[in-house]
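Me: I have a structure open in front of me and would like to learn how to read its sheet and its aromatic rings. Could you walk me through them?

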Amino acid sequence: MTQPDKVSVTAIEQICQCNHSTFSRVNVNVCMDQLYSKSWRLQSIIAAKELISKLQTTSDYDLCRKARNDFILASQAAEKETSLSAEQLADESHETTDTITDEEKRKKLWVPSGHKLIDESIFGYHRGGITIFAGSSGTGKTWFGIDATFKLIEKSKLRALFFSTEMDVSSIALRYFGIATNSKIGVSNLCYAKKHGELPKMEEAFRKFTQRHFSYEASSDPDQPLNLHGQSNLKEDLRIYGTEVGLTLSKLVNLITEESAKEPIDLVVIDYFQNIENDMVPPDTQHYRKLKHLVDTLKKVAQDCNCAILLLAQLTNPASWGKRGGKDVPAVPTTKDIAECSYAAHVAAAVLMMYKVSDAGTYSSPSFQQKTPTGTSSTPASYDLKDEEIFDAVVHQHKVPLRLIITKARFGTSDLQLDSPIYVERSTGSRFNFYL
């Protein structure tokens with residue numbers, strides 16, 4: 001654009017006239033930044049139109065060549081310079097190290113996972129990028145994704161979206177009930193809680209959880225003490241989408257973009273990416289290429305919305321994992337074992353994989369220790385406890401030994417070696433804890 005200031009002012013005036021409370025000064029500033037950063041693209045388009053017009057109206061070879069050269073020069077002049085000179089290296093290096101070492105600045109680049117060990121290893125979920133969390137069936141991928149959003153909104157006070165390709169909204173909500181109250185959600189478990197008078201307390205704890213993260217307004221009607229605002233005025237930290245949406249790639253992109261326009265998003269969890277239908281490429285495109293395009297598109301969305309995307313992924317059959325050096329050597333998964341699209345690991349900023357010890361084969365390793373503190377009930381009412389109290393004072397009822405490995409960390413790790421097994425614990429309500 002030759003007059004970016006004029007365009008920015010016009011855009012701001014249009015935003016102010018739309019009378020939507022979701023647009024704030026922050027939104028206006030973001031719009032201005034995007035106008036400035038992308039204006040060169042529009043200038044290139046205008047130059048291209050002029051070139052096409054000249055090529056269509058003249059048969060003179062020299063004039064055609066001149067128009068083509070003018071277009072190339074205009075495009076090169078309009079595009080921002082992205083290379084660094086020798087003089088700029090020191091300044092850029094200082095700015096980068098300062099951002100990484102300053103905790104507050106670092107939060108602008110990484111979304112905290114809520115797990116100290118993971119955050120020390122990969123800094124958190126990278127904004128503008130993709131983190132992959134892969135696992136075999138039954139390891140708890142979905143539970144981890146739900147727990148990730150739970151920790152984000154409870155501990156970090158940030159905003160999250162959760163998309164499921166396998167469950168409807170009611171089923172997802174029930175899992176959040178289990179996470180928030182740290183309780184099992186099986187039919188027998190809920191019936192047991194109701195029979196012993198615990199269910200009302202759990203429902204009250206869950207109601208308080210929803211009130212912390214959704215905006216409510218008091219009503220004058222005593223029979224309806226709480227009224228949920230309409231969606232256009234809703235302030236919320238969490239929004240979930242289930243199978244009712246019909247999750248295609250175009251739908252996913254539109255929903256993330258729309259939610260980001262209403263209010264900035266910090267983390268998007270997608271469960272799981274191999275199930276998403278890519279309707280943005282021709283139907284006869286090879287499945288692998290569809291997934292490759294899907295991952296690239298989601299990364300672009302993460303960049304545009306300045307959010308982190310956590311992709312949950314399915315692993316291949318454990319029998320095909322890695323190379324077995326013998327019966328005493330575990331066969332742990334590698335980045336090549338992401339089902340149907342190992343390319344996703346190349347795009348990702350970090351790749352984490354969770355697996356069952358039994359899937360890795362028989363080998364010598366420290367035994368899985370189940371914490372059973374004295375004086376605790378076998379069926380604890382833990383809906384009012386914090387994470388730290390849960391893992392220190394409550395019986396762990398998930399007895400399948402799990403391990404986590406970090407197979408890729410683009411931004412470096414701590415002293416933790418890549419592919420080193422990390423112990424995994426799941427509380428009664430499937431809140432996760434990781435330790436060495």
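Reply: Happy to; we will take the sheet, then a helix lying across strands, then the rings. Please keep in mind that this is a predicted model.

Me: Let's begin with the sheet. How many strands form the open sheet, and in what order?

Reply: To read a sheet, follow the strands from neighbour to neighbour. Here nine strands make an open sheet with mixed pairing, and the order is E7-E4-E8-E9-E3-E10-E11-E12-E13.

Me: Which strands stand at the edges?

Reply: Those are strand E7 (238-241) and strand E13 (432-435). Each has a single partner strand, so one side of each is left without a neighbour in the sheet. From one strand to the next, the twist averages 20°.

Me: Can we zoom in on one pairing? In which sense do strand E11 and strand E12 pair, parallel or antiparallel?

Reply: Antiparallel: strand E11 (residues 402-409) and strand E12 (residues 422-426) are joined over three bridges. To find the spot on your screen, look for Leu402, which stands opposite Val424 in E12.

Me: Which strands does helix H7 lie across?

Reply: Helix H7 (residues 141-155) lies across strands E3, E4, E7, E8, E9, E12 and E13. Relative to E4 (160-164), the helix runs at about 165°.

Me: Now the rings. What describes a pair of aromatic rings?

Reply: Two things: the distance of the centres and the angle of the planes. In this model the count comes to 13 aromatic pairs. Take Phe144 and Phe434: their ring centres are 6.1 Å apart and their planes stand at 65°, and planes over 60 degrees apart count as edge-to-face, so this pair is edge-to-face.

Me: Why does that pair tie together parts that are far along the sequence, 290 residues apart?

Reply: Because Phe144 lies in helix H7 while Phe434 lies in strand E13. Both Phe144 and Phe434 are buried. They also belong to a cluster, linked by ring pairs, of Phe133, Phe144, Phe432 and Phe434.

Me: May I see another pair?

Reply: Try Trp321 and Tyr355: with centres 6.0 Å apart and planes at 75°, the pair is edge-to-face. Trp321 sits in the loop between E9 and helix H13 (344-347), and Tyr355 in strand E10 (residues 350-356), 34 residues apart. Trp321 and Tyr355 are buried.

Me: And which lysines lie over the face of a tyrosine?

Reply: Look for Lys141 over the face of Tyr272, 5.9 Å from the ring centre. Lys292 lies over the face of Tyr343, at 4.5 Å from the ring centre.

Key. Residues are numbered from 1 along each chain as its sequence is written. This is a predicted model: local features need pLDDT of at least 70, side-chain atom pairs count only at pLDDT 80 or more; totals for chains, interfaces and linings use all residues. Side-chain values use heavy atoms; hydrogens and water are left out. Two strands pair if DSSP finds at least two bridges between them. Helices (H or I, at least four residues) and strands (E, at least two) are DSSP runs, numbered from the N terminus. Axes are lines fitted to C-alpha atoms, for helices over the stretch in contact, and angles run from 0 to 180 degrees between N-to-C directions. Contact means heavy atoms within 4.5 Å. Rings of Phe, Tyr and Trp (its six-membered ring) pair if their centres lie within 6.5 Å; planes under 30 degrees apart count as stacked, over 60 as edge-to-face and the rest as tilted. Buried means under 20% relative accessible area, exposed over 50%, partly exposed in between (1.4 Å probe, protein chains only). A charge sits over a ring if NZ of Lys or CZ of Arg is within 6 Å of the ring centre and within 35 degrees of the ring normal.
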